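Reader: I am new to this structure and should like to learn how to read its features. May we look at it together?

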Amino acid sequence: MAEGEKWWRPRMMTREEMGQNRWLAPIAHRFLSPELWRFTRRSVPRGVALGLFAGFIVPVGQIFLAAFLALPLRANVPVGAAATFLTNPFTLPFFLVLANRLGHWALFMDQATGGTAPERLDGGVWGWLDWFVEAAGATALGYLILAILSAIIGYAVAALVWRLVVARRWKNRRHRRMRREPDQVGS
């Protein structure tokens, strides 16, 4: 067992534990399908992308959304569930600011408002409400953009890492075989 696997294996929920969850009980027969729990070169990147997307789209219940979406997409459920933990209470302030800035950039709000936001703040409660709705819309759009971009980047990185790990294993296997049988490998 690899060093990283020794750390996360005991911390992951098992298929049986997730199947006993009351929210997953109606689809447990499909959800506990073994192909959703195998670590393959296609299912792992799908799980990463799905988990990152669900982590940014839904503020609560990301793991359940990732599990539900894993069924039709044949993604790895444990990897999808683990990837949702990128968004957590500690990273929330950073992602809120990033999403707001990204949403403003995407909507070009800074040019459209012409710097009137500080003037609106002086308008009392209604001014704050107007500013809040404007900021919330930009932040929501920013979260949507973050969800899509993180899913694409996560898929690409997971596929690349998978490929590099497999290539390294093959190389190590070849070197071990060459050390055992030096005269037979070159023939």
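Reader: In which helix is the place of Ile-57?

Author: A residue is placed by finding the element whose range contains its number. In this predicted model, Ile-57 belongs to helix H4, which covers residues 43–57.

Reader: Is Ile-57 to be read as buried, partly exposed or exposed?

Author: The class follows from relative accessible area: buried means under 20%, exposed means over 50%, and partly exposed lies in between. Ile-57 has a relative accessibility of 35%, and therefore counts as partly exposed.

Reader: Which residues form the nonpolar patch on the surface?

Author: A patch is read as a group of residues rather than one by one. Here Ile-57 is joined by Leu-144, Ile-148 and Ile-152, and together the four have about 330 Å² of accessible area. Helix H10 gives the largest share of this patch, three residues.

Reader: Which residues form the positive surface patch?

Author: This patch consists of arginines: Arg-168, Arg-169, Arg-173, Arg-174, Arg-176, Arg-177, Arg-179 and Arg-180. Arg-168 is located in helix H10, which spans residues 125–180.

Reader: Why does Arg-168 count as exposed?

Author: Exposed means over 50% relative accessible area. Arg-168 is placed in that class because its value is 53%.

Reader: Let us turn to the interior. Which residues make up the largest nonpolar core?

Author: A core is read as a set of buried nonpolar residues joined through their side chains. The largest one has 11 residues: Met-18, Ile-27, Phe-31, Leu-36, Trp-37, Leu-50, Ala-67, Ala-70, Leu-71, Ala-75 and Val-77. Helix H5, residues 62–73, supplies the largest share of this core, with three residues. Another core lies apart from it and has seven residues, including Phe-95, Ala-99, Leu-146 and Ala-147.

Reader: What share of the protein's residues is buried?

Author: Of the 187 residues in the protein, 31% are buried.

Reader: Where does Arg-74 lie, and what is its setting?

Author: Arg-74 is in the loop that runs between H5 and helix H6 (77–83). Its phi is near 50°, a positive value in a residue other than glycine. With a relative accessible area of 52%, Arg-74 is exposed, since the class begins over 50%.

Reader: Finally, how many helices and strands does the protein have?

Author: An overall reading counts the elements and then follows their order. There are 11 helices and zero strands. Read from the N terminus, the order is α-α-α-α-α-α-α-α-α-α-α.

Key:
Residues numbered from 1 in each chain as written. Predicted model: local features only at pLDDT ≥ 70, side-chain atom pairs only at ≥ 80, totals over all residues. Heavy atoms only, no water. Patch = residues over 30% accessible without salt bridge, like charges linked within 9 Å, V, L, I, M, F, W, Y side chains within 5 Å. Areas by Shrake-Rupley, 256 points an atom, 1.4 Å probe, with all protein chains shown as cover. Salt bridge = Lys/Arg side-chain N within 4 Å of Asp/Glu carboxyl O. Lys, Arg positive; Asp, Glu negative; His and termini not counted. Charge placed at Lys NZ, Arg CZ, Asp CG, Glu CD. Helix = DSSP H or I, 4+ residues; strand = E, 2+ residues; numbered from the N terminus. Buried < 20%, exposed > 50% of the residue type's maximum accessible area, 1.4 Å probe, protein only. Core = buried A, V, L, I, M, F, W, Y, C linked by side-chain atoms within 4.5 Å.
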